[in-house]
Amino acid sequence: MWLKDLYRRVRALIRTEAIHNEIDEEMRFHIDMRAEENVRHGMSPEEARRDAERRFGRFTRVKEQGYEVRGGRWLESLWQDCRYGMRMLWKNFGFTTVAVLVLALGIGANTSLFSVVNAVLLRPLPFPDAERIIWFDGVHQARGITASNLSPADYADWEKQVGAFESMAAYVTGSANLSEEVGEPERVPRVSVTAGFFPTLGASPALGRALSPEDEVPGGEDVAMLSHALWQRRFGASPDVLGTRFLVNGKPVTVVGIMPAGFDFPRASQMWTPLKPEKSAQKRDNRYLNVLARLKPGVTVEEAETQLGVINSRLGQQYPETNSGWSVRLTRLHERTVRDVRTSLLLLLGAVGFVLLIACANVTNLLLARAAGRRREIALRAALGAGRLRVIRQLLTESLMLATLGGAVGLVLSFFLMDILVSISPANLPGLNEVGMDWRVLGFTAGAVCVVGLLFGIAPALQASKTDLTEALKEGSFGSSGGLGRNRVRAALVISEVALSLLLLVGAGLLIRSFLLLHAVDAGFDPEKVLTMRVSLPSTRYSDPQQRVNFFRELTGRVESLPGVEAAGAAISLPLGGTTLSVARGFIREGNPLTAEHAFDASYNVTTPGFIKAMRIPLKRGRVFTDGDAADAPPVAIINESLARRAFPDIDPVGKRLTAWRDEQFAREIVGVVADVKMGQMEGEDRPQVYVPLAQNATWGALSLAVRTTVEPEALAGAVREAVLAVDKSQPVYDIRTMEDVRSASVANRRLIVLLFASFATLAFMLAVVGIYGVLSYAVTQRTREIGIRLALGAQRADVLRLVVGQGMRLVVLGVAVGMAGALLVTRLLKSLLFGVSAADPVTFAVVAAVLSVVGLLACYIPARRATRVDPLIALRYE
Amino acid sequence: MAKQKADLLQGTLDMLILKALSARPLHGYGVGQHIEQMAEDMLKVEEGSLYPALYRLEERGWIKSDWGRSENNRRARFYTLTRKGRRRLGIEEENWRLMVLAIDKVMQTA
C-alpha cells in the first residue's frame, strides 16, 4: 500500500501539471453543473455562473488539498526544500565553505582508508571458491612453535591418507638467475611448486600448459612457467615463447606455460618450476615446505583438522623423534594473508572515524550558532503554516545537502589520499594494487554522508524548530543570551570533542612511545655503515663445496683491501630479516643422550671469519673464527649468550661441545660466545644462536656479503661489485642494501601505523581546539550585553577573564576526564601493537592530559581577552 | 448551514458521503445532489465542505476516484466506495445510531 502510494506520488511528480489540470477540470465540471441547475431554476446564465463560482469559495485551498491527495506534494516539497537549502548555503558562503572543507577532510580521509580496508581485508582472493583454500601451519606447543613450515615426508603421508581434500600443494619460495647467452642476468622471484599447485588454487595458464606430475620426475627435462609480466618484459610477449629455452641458474629450462596477467602468487613470483624432491627430503623433520590444500565441497575446516589430527598423532607414535608433539593448524588462505594487518587496519579505520565524529561535532556547533541567527526566518515560516515537522524536515534537508557537498569534495580528495596511502604502504601488503574506487567504497561514502548529515543536522533542527514564535519576532537581530538548552548541547559537544581527541592522542602517544622504545633496543650489532649484497653461486659451476669456500675467501680478501672498508664477511642469514633464508637446528649439549627431549632449537648461521667483526657483534668470551677453522680442522662453533645461559648456565661454554644432533653426526667445540643478535623482528625475543664457519659447512651457495665501511656504504657498492666480478666475471649480485635499510624495512609497518595514527590524532586535536575556541568565542559574543552590565556595575576585567576562562575550562576538564576514562577502556585494543609500554601507561596519559589542558586553556584565553575588551557603553547599547 | 454546524457535521458529512456512494459511483456534484435529495432538502451541502471531505476520504482509502462519463456525456471524476469504505460506513452508521439513542435518552428526561 505504501509502495503503491509512493509509486503514485512519483508518477504524480512527473505529471504535476497534468494533475493540476485534472483537478481544475473536476471543479469546472461541478461549477458547470451548478450553473446549469441555476439556469433551470430561473437565473440568467451570467448570474447562474457567478453564483456557482461564488459557492465554491476557497478554491485554491481545496485544490491544494486535492493535489496533496492525488499528487506528488511530498516529493515536490522535498525538491523545494533542496532548492531553498542550496540558496541558504550559498547566502552564507563563508560558513558553508568552512563546513564543507571540514566535512570533506573527514569524509575524504575515511573513504580513502576504507578503500584500503576494502582492498586488503574485504576483497576475496582472486581464485574460484577461494574460501576452500586452506593454509597449513605446523604447531608444536611444547616448543612454542606456532607457524612452522612442513616436511615433505609428512606432506606425502597427508596426501595419501587425508580424505578431506580435493587436492593438495606444496611450494618453496626463492629466486633464480635468468640469463641467456647475451644480456644482463636477472634475478627474479621464483617458486618451486608441486603439480597440485595450480588445481588447488584454481588457476590455469593463459598460454600453454600447467606443470604436471611428470615434470617432477628427476632426470627429465627442466621446465618452467612464467608470469605475464616476465613474458612481456623478457620475451616481448611473443606467442612463440612456448618451447623456447633459457638459462636458469646456468641450467637450460624450457618454457611450457604463461600465467594470466596479474597472477603472482605467492609473493610476487615471476616463475614457477617443479618442486623436485631433494635428498634431504627423506629426513622427516626437515620442515621447509609451504603447504596448501583445497577442501572437498561440503567439508568444513574443523573436519579436515580433525582428520589431520588423527593422522598426525599416529605419525607421532610411529616416528617419535621427529613427529612427537607436532600438529597442524588449518586456516583459510585469505584469513592467513590478512591476519597480521587486520588489527592495525581496523584500528586506523576507527581512529579516522573518530576524526569524522569530531568534525561533525564542529559542524553541529557551527549550525547551532547559525540557527540562532535564523530564528526570525524560522518563526516566520511557522507563522505561515509550516508544522514543526515540516521545519525540521527542511533543516535536515539543508544539513544533508551540506553533507552531500562535503561528501562530494571529500570523494575527490580521497582519490589523492588513496594514492598517498598506497605509496607509503609496505609493498607486500596483500591486495594493495586493488586499492581504488569501487561500489563498496562509494556506498561507504554515501552512507557516511547520510549518517554525518543526520548526525549534525538533528540537534540544530530540533533546537531551531522549538523557537517561540512571538519571542523571536519581537526581538532585534541579536537574541537574548540563548536558551539554556541550546548551550547545554553545545557544551556536550565540546566535551565529547575533547574526550575523543584525548582518546586518539593517548593512542598515538602510546604508539609513538612504543616505536621509540623499539628503536632503542639493542639489535646485537651495529647497523650503521654496513653495506650488504647477496651472491648466489650456481650449483652448476660450484658443485664442490670447497669451490664456494674459496670464492668467498677470495672475495672477502679483495673487499677488505678496498679503501674505505674496515671489515668484510659473509653469512647465509642477515639479522633483522635481511634475508629470507633462516635455518634452525636442534642442538644437544655434549654429555646428554642424543634424544629429542634433550634437544633445543637454535638458529644456525653459516659465516665467514670476518662476519662477526664486520657486523660488530660484541664478542663476550673466547674468539671469532679464523682461516684456521678449515674443513680439515676440528669442527668449531660460536654460540650466543642466550644459548650459553640456556645450555651452560653456570660454566664457561668455551671449550665445551654441542651436536646438531640430527644434521651433523659430530660434535662442535665452542670457541667463542657473542652477544644476542635479533635475527627476526626487533620486537622478537632473543633466541639461541649458533654460528658455524663456512669452511666447515659449505652446503649453501647463497650468502650475503656484509661490508663495514668508514665512508658512506652506498659509495662502495660499485667497488664491491667489481670485486665480485673480479673473482667470477659472470656472477651477478643482487639485493644491494645497507643494514640501515634493512633495519628500517623491519619496522616499516610499525612506522607507517604510527605515522597515520599520529596524523589522525593531530587532526582530531586541531579540530577539537578549534571547536573549543569557536564555542567560547560565540558564547562571549552572545553574552556581550551581560559582560557589559557586569563591567558597568564594577566588575574588574580580571573577573570577566576568570568568568569566561572558567566557563571554558570547565568543559575542557570534563572532556579530559571523560576522555581518560574512555581511553582506559579503549587502549587495550592497541595492545598487540604496543612495545615496552602498557595500555594504561600513566606517563603517556599524564602528558596528553596536560598538553590538552594547556592548549585548551589557550583556546579559552583568547576569547576571554576579547571579552575583557568589551566597552560597556557599546555593549549596553545593544537593545 | 452556519459555520459552527458545519464543523460538527464534518464526521457526519463523511458518513453521508459514504452512504451516498454505497449504491453506485457518483461524481462530486452528484454526491452533493444525492444527499440533498435524500434529505428532502433539509440539508445543504456546501461545495467548500464537500470536496475537502471527498479528498480526505480518498486519502484514507475509503473511496477511490477515476474519470468517467457523466449523464450528459461530459468527462467527470467519479468516486466509488471501496471495501474498506464499506466497512467504515457500517461502523459509522452503528456509532451514529448509538449516539442518537444516547442523546435521545438525555433529552427525554425532563
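**Close-up views of a predicted two-chain model**

**View 1. Chain A as a whole.** Buried residues (under 20% relative accessible area, with exposed meaning over 50% and partly exposed in between; 1.4 Å probe, protein chains only) make up 50% of the 879 residues in chain A. This is a predicted model, so local features need pLDDT of at least 70 and side-chain atom pairs count only at pLDDT 80 or more, while totals for chains, interfaces and linings use all residues. A few bookkeeping notes: residues are numbered from 1 along each chain as its sequence is written, chains are lettered from A and ligands numbered from 1 in the order in which they are written, and side-chain values use heavy atoms, leaving out hydrogens and water. Chain A has 27 helices and 22 strands, where helices (H or I, at least four residues) and strands (E, at least two) are DSSP runs numbered from the N terminus. Its radius of gyration is 38 Å, well over the 29 Å that the globule rule gives for 879 residues, so chain A is more spread out than a compact globule. For that comparison, the radius is taken over C-alpha atoms, and the rule is 2.2 Å times the number of residues to the power 0.38. Along the principal axes, the C-alpha atoms of chain A fill a box of roughly 135 × 80 × 55 Å.

**View 2. The A:Arg513 and A:Asp841 salt bridge.** Over all chains, the structure holds 32 salt bridges, each one a side-chain nitrogen of Lys or Arg within 4 Å of a carboxyl oxygen of Asp or Glu. Here the side chains of A:Arg513 and A:Asp841 meet at 2.4 Å, N to O. A:Arg513 sits in helix α17 and A:Asp841 in the loop between α25 (797-826) and α26 (842-868), so the pair ties together parts of chain A that are 328 residues apart in sequence. The two ends differ in cover: A:Arg513 is partly exposed at 30% relative accessibility, whereas A:Asp841 is buried at 10%.

**View 3. A loop-to-loop salt bridge, A:Asp728 with A:Arg541.** In this salt bridge the closest N and O atoms are 2.8 Å apart. A:Asp728 comes from the loop between α21 (717-727) and β22 (733-738), and A:Arg541 from the loop between β12 and α18 (545-560), so the pair ties together parts of chain A that are 187 residues apart in sequence. The acid, A:Asp728, is buried with a relative accessible area of 9%, while A:Arg541 is partly exposed at 38%.

**View 4. A salt-bridge network with members from chains A and B.** A:Asp32, A:Glu36, A:Arg49 and B:Arg74 are linked in a network of salt bridges.

**View 5. Helix α5 of chain B and its patches.** Both patches below use residues with over 30% relative accessible area and no salt bridge, joining like charges within 9 Å and nonpolar side chains (Val, Leu, Ile, Met, Phe, Trp, Tyr) within 5 Å. Accessible areas come from the Shrake-Rupley method with a 1.4 Å probe, and for residues only the protein chains shown count as cover. The positive surface patch gathers B:Arg60, B:Arg83, B:Lys84 and B:Arg87. Lys and Arg count as positive and Asp and Glu as negative, with His and the chain ends not counted; each charge is placed at NZ of Lys, CZ of Arg, CG of Asp or CD of Glu. B:Arg87, in helix α5 (residues 83-108), is exposed at 56% relative accessibility. The nonpolar patch, about 580 Å², is made by B:Trp96, B:Met99, B:Val100, B:Ile103, B:Val106 and B:Met107. B:Trp96 is also found in helix α5 and is partly exposed at 34%. Helix α5 holds a salt bridge too, with B:Arg97 and B:Glu93 meeting at 3.2 Å, N to O. These two are four residues apart, about one turn of the helix; B:Arg97 is exposed at 52% and B:Glu93 partly exposed at 25%.

**View 6. Backbone oddities in the loops of chain A.** The peptide bond from A:Phe265 to A:Pro266 is cis, with omega near -10 degrees, and A:Pro266 lies in the loop between β8 (251-258) and β9 (271-274). A:Lys529 is not a glycine, yet has a positive phi of about 60 degrees. Its loop runs between α17 (484-519) and β12 (530-536), and A:Lys529 is partly exposed at 29%. A:Arg616 also has a positive phi, near 55 degrees; A:Arg616 lies in the loop between α19 (611-614) and β16 (619-622) and is partly exposed at 39%.
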